[in-house]
Amino acid sequence: QMPSSNDGQIVNPLIEQRADPWVYLHTDGYYYFTASVPEYDRIEIRRAMTIQELAAAVPVVVWEKHPEGIMSKHIWAPEIHHIDGKWYIYFAAGREDEAFAIRIYVLENEAENPLEQSWVEKGEVKTRWDSFALDATSFEHQGVRYLVWAQHDPDILGNTNLYIAAMSDPWTIIQPQVMISTPEFEWERRRFLVNEGAAVLKRNGRIYITYSASATNHYYAMGLLTAADDSNLLDPASWSKSPDPVFATNETTGQYGPGHNSFTVSPDGDDILIYHARNYRDIAGDPLYDPNRHTRAQRLYWNPDGTPNFGIPVPDGVHPVRISTETGFIRHDGDSIVIDANVSDIADSQFQIVPGLADSDAISLESINRPGSFLRHRDGGIWLDENDGSDEFANEATWIEHPGLADSTAVSFEAYSLADQYIKQHGNLLILESISTNADRANATFGEEF
Ligand code: AHR
């Protein structure tokens, strides 16, 4: 049974030609979505009860750019927030007569449903300098509301740094604004010295802020700032920066320039990373006007030490799954498959369910970081081998996925070419064997999660 997209399964790209994607799950159960549109001329909102259904949801245009003057050009990266009982949209905009005089603006709507009634312009968020400012995001922590945004400091070479300030209301910051990140590592300084697109996630006693760095082509990559949740968030010393990008271009899965992310949660409470990427590397002309930064969604995982594990940008198509036993997740190790209690390279344990190589009504399991290699049985063992195009390989790499033999909410895998032979755990390996006892049924039952 192939999971169809209406199984709530996330299928990437989620929404084409929507950059800087923002998803907000409200208390009404709706996921609200907004993003930069290729024309940069309007703000549209859509909502749905699941993340995947956002793809088909009809967007409503809630605000359009002015014909001239402020807010008349380059309408960028809107975010919708619900603060103290009202809806707010933060966005950046330039002017028809000065396209890169980019400043931060706020809209407010008192309606229960933000797709209804009118949005009131609350004006520009005044900051320390009258300079290029964009990508504002807001969060509340211990009773204080903060704004984090990207801005050019006239005294610092380069484009933008990240700043934080407390807020007196949802459209006003209180000085001092404090710089918490500036492009310092090589991967932040590729073609443009940029830190922008901040997103905030509070987990495990820490405040995590992801951000995007470098030019918006395949150089674009995500960095991570971390502060203890009981630290003074307005003290730059509270913030530490990961020296390496946490999420970047991946040639293997064909995703380039991933970034300008936001975070949401699945109905099961799993953390979901929302971001944009292109599925090609080379761009004709200015990347800013290439419309194919598509919105994507994937699971965000956590390391045993409570730090986030972003993995790699998953390939286009249905979201990959991870297959587990009581003792860990299965992952490839060379051409072997092992069960590992602490998978550090998440991608080694992610497999995309694709139509069966021998029968499209059955399935095959393709490694996401070794595309073209599939889970197959051979001589009673289970391996990850490269498809050699033979019928024999197709038969040994095709599986019939059943409800779990020991737990119908789980799954079991019967060999397509050897009826009644199932994948079974055997120590920290997998074997192919027939089933006769309850222990067999338990060892042939696996968790499957995305
Ligand atoms: O997508 C438009 C702008 O491009 C976004 O505001 C910024 O994050 C990126 O540089």
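# How do we know?

Author: In the largest nonpolar core of this predicted model, which has 25 residues, W76, I164, I180, L233 and W239 touch the most other members. The strands β6, β10, β11 (144-151), β12 (161-169), β13 (172-181), β15 (206-213) and β16 (221-228) each give this core at least two residues. The largest share, 4 residues, is from β15.

Reader: What makes a set of residues a nonpolar core?

Author: The members are buried Ala, Val, Leu, Ile, Met, Phe, Trp, Tyr and Cys residues, joined through side-chain atoms within 4.5 Å. As for the background, nonpolar side chains tend to be buried together in soluble globular proteins.

Reader: What should I know about the model before reading on?

Author: It's predicted, so local features need a pLDDT of at least 70 and side-chain atom pairs count only at pLDDT 80 or more, while totals for chains, interfaces and linings use all residues. Residues are numbered from 1 along each chain as its sequence is written, and side-chain values use heavy atoms, with hydrogens and water left out.

Reader: What makes something a strand or a helix here?

Author: Both are DSSP runs numbered from the N terminus: helices are H or I with at least four residues, strands are E with at least two. Take K241, which sits in strand β17 (residues 240-241).

Reader: Why does K241 count as buried or exposed?

Author: Buried means under 20% relative accessible area, exposed means over 50%, and partly exposed is in between (1.4 Å probe, protein chains only). K241 has 17% relative accessibility, so it counts as buried. Its C-alpha atom is 9.4 Å from that of I209, and the two are 32 residues apart along the chain.

Reader: And what about D345?

Author: D345 comes out at 37%, so it counts as partly exposed. You'll find D345 in the loop between β26 (336-340) and β27 (351-355). F310 is 35 residues from D345 in sequence, yet their C-alpha atoms are 9.7 Å apart in space.

Reader: How do you know that R42 and E39 meet in a salt bridge?

Author: A salt bridge needs a side-chain nitrogen of Lys or Arg within 4 Å of a carboxyl oxygen of Asp or Glu. For R42 and E39 the N to O distance is 2.9 Å, so the pair qualifies. In general, side chains of opposite charge can pair when their charged atoms come close. R42 is buried at 16% relative accessibility, whereas E39, in the loop between β3 (31-36) and β4 (42-48), is partly exposed at 47%. E39 and I75 are 36 residues apart along the chain, with 8.4 Å between their C-alpha atoms.

Reader: How many salt bridges does a search of the whole structure find?

Author: The search gives 29. One of them joins E44 and R46, with the closest N and O atoms 3.6 Å apart, so it is also within the 4 Å limit. Both of these residues are buried. Another joins K424 and D440 at 2.9 Å. K424 is in strand β33 (residues 421-426) and D440 in helix α2 (residues 438-443), so this pair ties together parts 16 residues apart in sequence. K424 and D440 are both buried. Through shared partners, salt bridges join R18, E39, D41, R42, E44 and R46 into one network.

Reader: Why is the pair Q151 and W149 called a polar contact?

Author: A polar contact is a pair of N or O atoms within 3.5 Å; within protein, one must be able to donate a hydrogen and the other to accept it, and residues adjacent in sequence count only if both atoms are side-chain atoms. The side chains of Q151 and W149 are joined at 2.8 Å, so the distance fits. Q151 also has a polar contact of 3.2 Å with the side chain of Q177. Q151 belongs to strand β11 and is buried, at 0% relative accessibility.

Reader: Which residues are around the ligand?

Author: They are D20, Y40, W76, A77, L134, D135, E196, T216, Y220, H260, L288 and R293. Being near means having a heavy atom within 4 Å of the molecule. Strands β6 (73-83) and β10 (133-141) each supply at least two of the shell residues.

Reader: How do you know that D20 makes a polar contact with the ligand?

Author: A polar side-chain atom of D20 is 2.6 Å from a ligand oxygen, so the pair is within 3.5 Å. Ligand oxygen atoms also lie 2.7 Å from a side-chain N or O atom of D135 and 2.8 Å from one of R293. The ligand alone exposes 280 Å², and the protein buries 95% of that, with accessible areas from the Shrake-Rupley method and a 1.4 Å probe (for residues, only the protein chains shown count as cover).
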